[in-house]
Amino acid sequence: MALSGIQIYKLLPQTNCKDCGYPTCLAFAMKLAAKQAELALCPHVSEESASKLSAAAQPPVRPMALRSNGFEVKAGAETVLFRHEKTFVNRPGLFVRVRDSDSADAIQAKVRAADAYTVDYVGMDLTLDGIAVQADGGDFAAAVQAVRAVSQRPLLLFAGAEALKAGLSLLAAGEIPLLGVADAENWQEMAALAKQAGAPLAVAGASVDALVDLAQKVKEAGVADIVLAPAQRSLLGVLKANTIIRRMALKKNFRPLGYPILSFPGDWGDPAREAVLAGQAIAKYSGFIVLDHFAPEVAYPLLVLRENIYTDPQKPIQVTPGIYEINNPGPDDPVLVTTNFSITYFSVANEVEGSGNKAWMLVADAEGMSVLTAWAAGKFDAERIAKDVKRFGVADKVGRKRIVLPGHVAVLSGELEEELPDWEVRVGPREAVDLPKFMKQVLV
Amino acid sequence: MVAALAELGGLDEATIQALQGGVGLPAIPAAPAAPMAPPLPPEPAPVAAAAAVEPEKMVEPAPDAEWLPAGVQTEIAVEKWSGKVKEIALGAAAAEGGSRGAVVKIGGQTAMPFMFMDGELPNAPVIAVEIADRRPDGWSELLYQAWGDVLDDPAAWAKAAAAAGANVLYMRLSLTDAEGQPNTPAKAVAAVRAVLQATGLPLIVVGPGQAEADNDLLVPISEAFKGERLALGICEDKNYRTIVATAMANGHLVIARTAMDVNLAKQLNILISDMGLPLDRILMDPTTGALGYGFEYGYSVMERLRQAALQGDAMTQLPMIVNPGEEAWKTKEAKVGEGVPAAWGDWSERSITWETLTSTMLIESGADIVVLRHPETVKRTRVAIDDLMNQ
Ligand code: B12
Ligand code: SF4
């Protein structure tokens with residue numbers, strides 16, 4: 001939580017000596033508050049004030065990153081409790097967990113599938129972020145080795161200090177895994193190890209007091225990057241814990257809880273429940289999420305949820321307006337009109353592309369809005385479409401001038417005929433799913 | 001598909017039999033907590049009550065340790081709000097002039113969803129299951145399979161929905177019958193009567209979504225079932241007067257829908273209450289989008305509306321109803337099983353997860369009623385609600 005100019009002023013010497021280059025201490029304080037000056041400019045500030053000021057300047061949720069082989073998973077740095085207040089910034093990392101009690105083959109089969117998983121959502125390739133290796137009475141180092149043989153993504157390593165040491169020795173130089181999970185019993189050796197490895201350390205606590213206590217101890221032991229793992233499994237327990245952690249960090253600038261959160265939705269054991277817990281973890285403040293089951297039909301909706309929740313509310317995801325080619329169209333192929341809202345464009349483009357039909361797609365500038373939203377807001381009308389037809393030189397691309405409107409805006413067809421007198425204006429189906437059939441049967 | 005659901009642990013034996021067994025009413029298990037309705041004033045004999053079946057419970061892991069135990073040392077930041085969401089009763093029992101066996105209460109919150117440390121959250125979110133007066137057109141194949149032949153009989157469908165775990169029924173009237181003939185007030189009233197008699201659950205009735213047809217069908221229904229405390233919809237800024245007037249005259253509630261905008265929602269609530277309908281008879285529908293299709297807008301507008309309500313803005317202090325079922329089942333992800341990317345995985349599980357995530361995340365952003373379509377989603381959402389309310 002940033003300090004105000006007045007709060008900063010109270011920590012300055014208040015002598016107005018001008019050595020900082022500003023006429024008064026207050027003027028300097030105001031510049032500091034606006035982040036337009038550096039504290040180092042004042043040679044007279046006391047050590048105590050300086051450390052208070054630098055603490056206050058820290059982001060309320062400590063940013064950190066896990067790294068390996070060119071991959072990076074960032075967490076922390078969040079500034080709001082609700083996405084509409086500004087935006088959430090670092091998409092929580094999704095990790096699939098394997099146990100060292102499983103055979104190397106079983107581990108590798110699961111890791112391979114999770115590692116290779118990629119799914120397209122509105123033109124973005126979404127993937128999971130890494131693998132969690134859990135000590136479970138087996139050979140931890142062997143499990144880490146088995147994982148590394150098939151995945152280069154960042155790791156979460158959960159074991160005792162000895163096993164962790166063995167596991168760490170197998171990682172490439174410069175890799176930063178998350179280590180854990182330290183508890184009231186083992187935190188000293190775990191903290192020493194994390195400090196030595198320069199890796200973040202997860203700490204667990206069954207109550208808020210226990211978690212705060214452990215975070216403080218681990219910090220005093222020299223670990224800078226801490227991750228909080230409230231020991232809760234139920235939806236309500238996790239929601240309450242995560243909300244309190246984030247609220248204390250943002251509203252009270254309470255340092256011991258100013259760290260990313262680690263969640264284990266798979267702890268419940270039931271995959272259907274795990275999906276809901278993982279969804280909640282995405283929406284409600286977790287930074288690292290450990291899944292015990294990997295299935296594409298669950299990974300896909302979770303990845304889409306993560307995109308939705310972490311989209312900046314000020315900026316709808318958009319594509320650049322213009323004329324796009326689907327399946328190498330020629331002069332006889334139709335022009336399909338749509339808007340430049342990513343979800344709209346890709347639901348149409350994917351449909352046409354998948355069906356093998358050829359088409360020109362005119363992506364009109366509708367300020368990133370869906371067909372009906374843009375129409376209702378007056379950003380998608382015949383005049384604008386006609387303007388974009390001219391602006392993008394569409395007439396030069398086709399011999400047979402056929403233009404297809406989305407079914408939802410059939411009302412525009414009359415006006416568009418007036419705007420584009422030498423074009424044949426057609427009304428398509430309402431939903432993109434029905435386009436291939438329409439193109440085959442009607443648009444011949 | 002039924003087999004696939006059974007594998008998922010989705011349905012119990014009795015439900016599977018009911019789903020496979022066709023229209024025969026006896027095959028459908030009775031509503032868990034929903035008593036059968038006593039006879040409606042003007043009409044024929046009520047359906048006999050079948051033996052109540054206990055809803056099946058999952059094996060629960062040991063409960064969590066209390067994260068905020070008594071005597072907690074850390075000074076917890078508590079959010080104190082001055083406003084309160086109106087508490088609204090849906091459905092009227094015999095004593096109140098209706099015939100419902102169960103009256104459902106929603107609203108009454110003085111805190112953001114499930115923030116029990118901040119204030120009161122007296123009522124659990126409610127699951128409404130969508131049914132219709134006839135077999136709907138254009139639904140996903142998975143939904144036809146999941147419900148089976150009950151889709152041809154609104155009363156049987158109502159019972160199956162109750163058995164699946166509905167707290168409330170959400171009945172959509174069709175514009176035309178299966179042969180394409182326009183729906184008539186007489187047919188619509190008969191269908192609503194059959195549904196009311198089939199279970200004791202409170203009922204929401206919405207028109208086909210065209211102003212003229214909505215008004216033609218909803219007014220006679222409102223009059224025929226005076227005193228039942230139905231919720232009638234959908235009121236939009238272009239068409240609300242007729243529905244509000246008839247709801248007012250016959251003791252019903254209304255649903256007010258606006259397009260994902262705090263100010264539009266407030267405006268419509270003002271217009272409706274200006275007509276004289278008390279605020280505690282309005283449910284607001286801020287509109288939602290499915291996961292991947294505008295979900296984030298719906299999610300955030302509900303958080304904003306609920307914050308405004310708790311800050312004391314009277315015109316937003318109404319419970320919220322949203323349709324994750326309808327929206328999720330419109331998506332290609334839910335509708336289409338073939339010719340989709342392999343990365344989409346199993347069709348059935350994907351669709352159910354799509355609907356379940358949309359519904360549960362909307363519940364966490366403030367929904368008081370979620371309207372759902374698939375019985376397995378109902379079950380999963382119920383588990384989530386129980387978990388979230390289990391202090
Ligand atoms: C999300 C949303 C918003 C978001 C905007 C999201 C965005 N970036 O566009 C927000 C909250 C900002 C918003 C605002 C408004 N909205 Co709005 N919104 C929606 C919502 C919920 C979903 C829209 C969506 O994303 N759909 C998904 C995309 C993919 O659909 P689509 O673009 O139509 O594309 C499909 C088809 O059209 C077709 N298609 C697309 N292109 C083509 C091309 C061809 C050739 C063919 C054949 C087919 C085709 O394929 C696609 C998939 O099937 C809808 C309601 C709903 N559930 O549908 C209301 C809705 C569109 N909004 C509506 C309104 C009125 C508004 C506002 C005007 C409200 C207001 N007064 O403030 C504002 C306008 C914005 C402004 N003033 O700045 C109304 C429109 C009513 C109408 N029929 O005219 C709707 C229908 C809600 C309602 N029932 O009232 N909205
Ligand atoms: S140098 Fe320091 S003490 Fe001097 S005016 Fe600037 S802020 Fe004040």
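The questions and answers below go through a predicted model, from the fold of chain A to its contact with chain B and some local details.

Me: What share of the residues of chain A count as buried?
Reply: Chain A is built from 16 helices and 17 strands, and its C-alpha atoms fill a box of roughly 75 × 70 × 40 Å along the principal axes. Among contacts between residues at least 6 apart in sequence, 65% join residues at least 24 apart. Of the 444 residues of this chain, the share that counts as buried is 55%.

Me: What is the area buried between chain B and chain A?
Reply: The size of an interface is often given as the accessible area lost when the parts come together. Here the contact takes 62 residues from chain B and 60 residues from chain A, and 8 salt bridges are counted between the two chains. Carbon and sulfur atoms give 63% of the buried area, which comes to about 5,200 Å².

Me: Which residue of chain B forms a salt bridge with A:R247?
Reply: A:R247 counts as buried, at 5% relative accessibility. In its salt bridge the closest N and O atoms are 3.6 Å apart, and the partner is B:E79. A:R247 lies in helix α9 (residues 235-252) of chain A and its partner in the loop between α2 (13-21) and β1 (88-90) of chain B, so the pair joins two chains. A:K251 also forms a salt bridge with this residue, with the closest N and O atoms 3.5 Å apart, and the residue asked for is again B:E79.

Me: Where in chain B does the salt-bridge partner of A:K284 lie?
Reply: A:K284 forms a salt bridge with B:E303, with 3.1 Å between the closest N and O atoms. The pair crosses between chains, starting from A:K284 in the loop between α10 (271-283) and β12 (288-291) of chain A. Both A:K284 and B:E303 are buried, and the place of B:E303 is helix α9 (residues 295-310) of chain B.

Me: How many residues apart in sequence are the parts that A:R91 and A:E307 tie together?
Reply: A:R91 forms a salt bridge with A:E307, and the closest N and O atoms are 3.0 Å apart. A:R91 lies in the loop between β2 (71-75) and β3 (93-99) and A:E307 in helix α11 (residues 296-310), both of chain A, so the pair ties together parts that are 216 residues apart in sequence. A:R91 counts as partly exposed, at 32% relative accessibility, whereas A:E307 is buried at 6%. The separation in sequence is thus 216 residues.

Me: How many salt bridges are there over all chains?
Reply: Apart from the pairs already described, A:R97, A:R99, A:D267 and A:D292 are linked in a network of salt bridges. Counting a Lys or Arg side-chain nitrogen within 4 Å of a carboxyl oxygen of Asp or Glu, the count over all chains comes to 39.

Me: How many residues in the shell around ligand 2 are nonpolar?
Reply: The residues around ligand 2 include A:C17, A:C20, A:C25 and A:C42, and also A:K18, A:D19 and A:F28. One of these residues, A:C17, is partly exposed, with a relative accessible area of 34%. The shell divides into 2 polar residues, 2 charged residues and, for the nonpolar class, 7.

Me: Which peptide bond of chain B is cis, with omega near 10°?
Reply: Most residues other than glycine have a negative phi, and most peptide bonds are trans. In chain A, the peptide bond from A:G180 to A:V181 is cis, with omega near -5°, and A:V181 lies in strand β8 (residues 178-182). In chain B, B:I234 has its place in strand β6 (residues 231-235), and the cis bond with omega near 10° runs from B:G233 to B:I234.

Me: Is A:N328 buried or exposed?
Reply: Phi of A:N328 is near 50°, a positive value in a residue other than glycine, and this residue lies in the loop between β13 (322-326) and β14 (335-339) of chain A. A:Y285 also has a positive phi, near 85°, and counts as buried at 5% relative accessibility. For A:N328 the relative accessibility is 63%, above the cut-off of 50%, so A:N328 counts as exposed.

Technical notes
Residues are numbered from 1 along each chain as its sequence is written. Chains are lettered from A and ligands numbered from 1 in the order in which they are written. This is a predicted model: local features need pLDDT of at least 70, side-chain atom pairs count only at pLDDT 80 or more; totals for chains, interfaces and linings use all residues. Side-chain values use heavy atoms; hydrogens and water are left out. A residue is near a molecule or strand if one of its heavy atoms lies within 4 Å of it. Ala, Val, Leu, Ile, Met, Phe, Trp, Tyr, Cys and Pro count as nonpolar, Asp, Glu, Lys and Arg as charged, and the others, Gly among them, as polar. Helices (H or I, at least four residues) and strands (E, at least two) are DSSP runs, numbered from the N terminus. Buried means under 20% relative accessible area, exposed over 50%, partly exposed in between (1.4 Å probe, protein chains only). Contact means heavy atoms within 4.5 Å. Buried area is the accessible area (1.4 Å probe) that two parts lose on being put together, summed over both.
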